[in-house]
Amino acid sequence: GRYCAEKGVNRGFQVCGVDISNKMIEKARECNNNNKYAKIEYLQVEDMCNFKYIKKLGAAISAYSLIHLNKEQAVIALNSFKQHLNNDAYLFLTVYKGKRDGFQKEELAPDHEMYYRDYSSEEFRTIVLYSGYSIIEEYEWNDEDPITGGDPECDAGVLCIIAKYVE
């Protein structure tokens, strides 16, 4: 999210970061280089399936968020995002490609387990289309970042969809 936020602010966009975790919000603030990007607004929500935000957005990014929801919850979240998007807004989504569907130890918090739901390309396309978005572009790559990179024993890479919401 940091890369996208920095690029957005540099292009004059108002950027809002949303996460359920206080620790991740604090980490985002730290990465903000002492308010170098003053236009970044940070929020915390309890549930991406049902959050409230007063502004309509021209674009939204959900990077590796849907992987912590089951498929039904992911559809609910995608529908929730629409409440906060302008007509013709873009949605950038990434998930892991693979077969995981259950809890596993969290690398950044080894005393905790976290739910992971990977997708096939077809499953990912299906939930995005089912949720009422038009797919603009699709990408796939290997993520070797030590924080965002998936488990190489379970994941077969990253799936990305850029979609558009039209009322």
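This section describes the fold, the strand pairing and the nonpolar cores of a single chain, as seen in a predicted model.

The chain contains four helices and eight strands, and these elements follow one another along the sequence in the pattern α-β-α-β-β-α-β-β-β-α-β-β. Of the 167 residues in the chain, 36% are buried. Among the contacts with a sequence separation of 6 or more, 70% are made between residues 24 or more positions apart. The accessible surface of the chain amounts to about 10,400 Å², and carbon and sulfur atoms account for 50% of that area.

Strand β3, which spans residues 57-63, runs parallel to strand β4, which spans residues 85-98, and six bridges join the two. Between β3 and β4 the chain passes through helix α3, residues 71-82, in a β-α-β crossover that is right-handed. Two of the residues paired across these strands can be named individually: A59 has Y90 of β4 as its bridge partner, while the partner of S62, also in β4, is L93. S62, a residue of β3, has a relative accessible area of 3% and is therefore classed as buried, the limit for that class being under 20%. Beyond the residues up to four places away in sequence, S62 touches F81, F92, L93 and T94, so that its bridge partner L93 is also one of its contacts.

Two residues in this part of the chain have a positive phi although they are not glycine. One of them is Y64, with phi near 60 degrees, which is situated in the loop between β3 and α3. The relative accessibility of Y64 is 16%, and Y64 therefore counts as buried. The other is D88, with phi near 70 degrees, which is placed within strand β4. In contrast to the buried Y64, D88 counts as partly exposed, because its relative accessibility is 40%.

In soluble globular proteins, nonpolar side chains tend to be buried together. In the present model, the largest nonpolar core comprises 31 residues, and the residues with the most contacts inside this core are L66, L78, F124, I127, V128 and Y133. At least two residues of the core are supplied by each of α3, β4, α4 (121-130), β7 (133-141) and β8 (155-165), with β4 giving the largest share, six residues. A second core, separate from this one, has six residues, including V9, V15, I25 and I40. Within the largest core, L66 is among the residues with the most contacts; apart from residues up to four places away in sequence, L66 touches M48, A74, A77, L78, L93, V95, Y119 and F124.

F124, another of the residues with the most contacts inside the largest core, is located in helix α4 and is buried, with a relative accessible area of 1%. When neighbours within four places in sequence are set aside, the contacts of F124 are with L66, L93, V95, Y119, L159, C160 and I161. One of these contacts, V95, lies 29 residues from F124 in sequence, and the C-alpha atoms of V95 and F124 are 8.2 Å apart in space. L93 and V95 are touched by F124 and also by L66, and L93 is in addition the bridge partner of S62.

The burial pattern of α4 can be described in terms of its two sides. The buried residues of this helix are F124, I127 and V128, which are also listed among the residues with the most contacts inside the largest core. Around the axis of α4 these three residues cover an arc of only 100 degrees, which means that they lie on the same side of the helix. An α-helix has 3.6 residues a turn, so residues three or four places apart point the same way. On the other side of α4, E122 and Y130 are exposed. After α4 comes G132, which has a positive phi, near 95 degrees.

Note on methods: Residues are numbered from 1 along each chain as its sequence is written. This is a predicted model: local features need pLDDT of at least 70, side-chain atom pairs count only at pLDDT 80 or more; totals for chains, interfaces and linings use all residues. Side-chain values use heavy atoms; hydrogens and water are left out. Two strands pair if DSSP finds at least two bridges between them. A crossover is right-handed if, with the strands pointing away from the viewer, the path from the first strand over the helix to the second runs clockwise. Buried means under 20% relative accessible area, exposed over 50%, partly exposed in between (1.4 Å probe, protein chains only). Contact means heavy atoms within 4.5 Å. A nonpolar core is a set of buried Ala, Val, Leu, Ile, Met, Phe, Trp, Tyr and Cys residues joined through side-chain atoms within 4.5 Å. The arc is that of the directions from the helix axis to the C-beta atoms. Accessible areas come from the Shrake-Rupley method with a 1.4 Å probe; for residues, only the protein chains shown count as cover.
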